[in-house]
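This report describes selected local features of one protein model. The sequence and coordinates are shown first, and the description follows.

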Amino acid sequence: MRPLILILLAGSLIACQRLENVGKVPGMTPVEDGDEFFAMNSAAMPDRLNRQPPAQEASLWSGTRGSLLGDRRAMGRGDILTVVIEIDDKAEISNTTDRSRSGSDKMGIPNLGGIPQRIDRHMPDGASMANAYETNSSSSYQGDGSVARKEKLTLRVAATVLDRLQSGVLRIQGSQEVRVNYEVRELLVSGFVRPEDISRQNEITYDKIAGARISYGGRGQITDVQQPRYGQQVADVLLPF
């Protein structure tokens, strides 16, 4: 009885939380609470201290990031680069399995020093040790399976360099939220990139991100309607049929 009461109480609490969002637009995540803001707001330790004369710092040809020919690609903590996501995948898999097996066994003791005949006297009518047992078995299995999947996604998102590892690899993370009416679309991307893979336009494609984690979804009224109720989700987990 107690587990049932606990389940009902938990369901009531969840329902109360959902009732608080009735008639309200879904809230957006504050940018000040993420790792990106922390990386941009805190200065990284310099690799080396190399001061240039004032005249050389003011030159347009010094080669620094602020010069005319400087490299403006993301290189350190807090820098921003653009991640280009263009996914167009298609996969088709088809499998067919056919298996069959048959077997038969038969054993009898017609003559063994007269012992089978003596046993036959005490057995029911029609039974004989001449045919002790006989079995026949057969089995067959057929299975077909196919998978057809097609995904297409074209997005661009600005990501922030969270850290520069000792090997020079950059750890990046980016997020984007777009709210339209009562629905928020979320795009999250994170992973590790090599500085030499970043183009001169300060862009990198998703296939050059190691350990890429890309999430594109939403939350709001439309997503809430598309999701099954919590009771249905629990029933799907517990029911064996």
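## Nonpolar surface patch

In this predicted model, Val234, Val237 and Leu238 make a nonpolar surface patch of about 320 Å². Valine 234 belongs to helix H6, which spans residues 230-238. With a relative accessibility of 46%, valine 234 counts as partly exposed, because the partly exposed class lies between 20% and 50%.

## The S3-S4 hairpin

Strands S3 and S4 run antiparallel and are joined by eleven bridges. Strand S3 covers residues 170-180 and strand S4 covers residues 183-193. Leucine 170 stands opposite valine 193 in S4. The two strands form a hairpin with two residues between them.

Asparagine 181 lies in the loop between S3 and S4. Although asparagine 181 is not a glycine, its phi is positive, at about 55°. This turn residue counts as exposed, with 63% relative accessibility.

## A second asparagine with positive phi

Asparagine 202 also has a positive phi, of about 60°, and is likewise not a glycine. Asparagine 202 is placed in the loop between S4 and strand S5, the latter comprising residues 203-205. Is this residue buried or exposed? Asparagine 202 is buried, its relative accessible area being 15%; the class applies because this value falls under the 20% cut-off. Asparagine 181, by contrast, is exposed at 63%.

## Salt bridges

The count of salt bridges in the model comes to six. One of them joins the side chains of arginine 219 and glutamate 177, with an N to O distance of 3.7 Å. Arginine 219 lies in strand S6 (residues 210-220) and glutamate 177 in strand S3, so this pair ties together parts that are 42 residues apart in sequence. Arginine 219 is partly exposed at 25% relative accessibility, and glutamate 177 is partly exposed with a relative accessible area of 25%.

Arginine 219 also forms a salt bridge with glutamate 186, where the closest N and O atoms are 2.5 Å apart. This pair links distant parts of the chain, with arginine 219 in strand S6 and glutamate 186 in strand S4, 33 residues apart. Glutamate 186 is partly exposed, with a relative accessible area of 21%. Glu177, Glu186 and Arg219 are thus linked in a network of salt bridges. A further salt bridge is formed by arginine 194 and aspartate 197, whose closest N and O atoms are 2.9 Å apart. Arginine 194 counts as partly exposed at 44% relative accessibility.

## Aromatic rings and charge

How many aromatic pairs does the structure hold? The number is zero. A ring does, however, take part in a contact with a charged group: the charged end of arginine 185 sits over the ring of tyrosine 216, 5.5 Å from the ring centre.

## A contact between separated positions

Threonine 97 and glutamine 142 are 45 residues apart along the chain, and their C-alpha atoms are separated by 5.6 Å. Threonine 97 is found in strand S1, which comprises residues 80-107. Its relative accessible area is 40%, and threonine 97 is therefore partly exposed.

Technical notes. Residues are numbered from 1 along each chain as its sequence is written. This is a predicted model: local features need pLDDT of at least 70, side-chain atom pairs count only at pLDDT 80 or more; totals for chains, interfaces and linings use all residues. Side-chain values use heavy atoms; hydrogens and water are left out. Rings of Phe, Tyr and Trp (its six-membered ring) pair if their centres lie within 6.5 Å; planes under 30 degrees apart count as stacked, over 60 as edge-to-face and the rest as tilted. A charge sits over a ring if NZ of Lys or CZ of Arg is within 6 Å of the ring centre and within 35 degrees of the ring normal. Helices (H or I, at least four residues) and strands (E, at least two) are DSSP runs, numbered from the N terminus. Buried means under 20% relative accessible area, exposed over 50%, partly exposed in between (1.4 Å probe, protein chains only). Patches are made of residues with over 30% relative accessible area and no salt bridge: like charges are joined within 9 Å, nonpolar side chains (Val, Leu, Ile, Met, Phe, Trp, Tyr) within 5 Å. Accessible areas come from the Shrake-Rupley method with a 1.4 Å probe; for residues, only the protein chains shown count as cover. A salt bridge is a side-chain nitrogen of Lys or Arg within 4 Å of a carboxyl oxygen of Asp or Glu. Two strands pair if DSSP finds at least two bridges between them.
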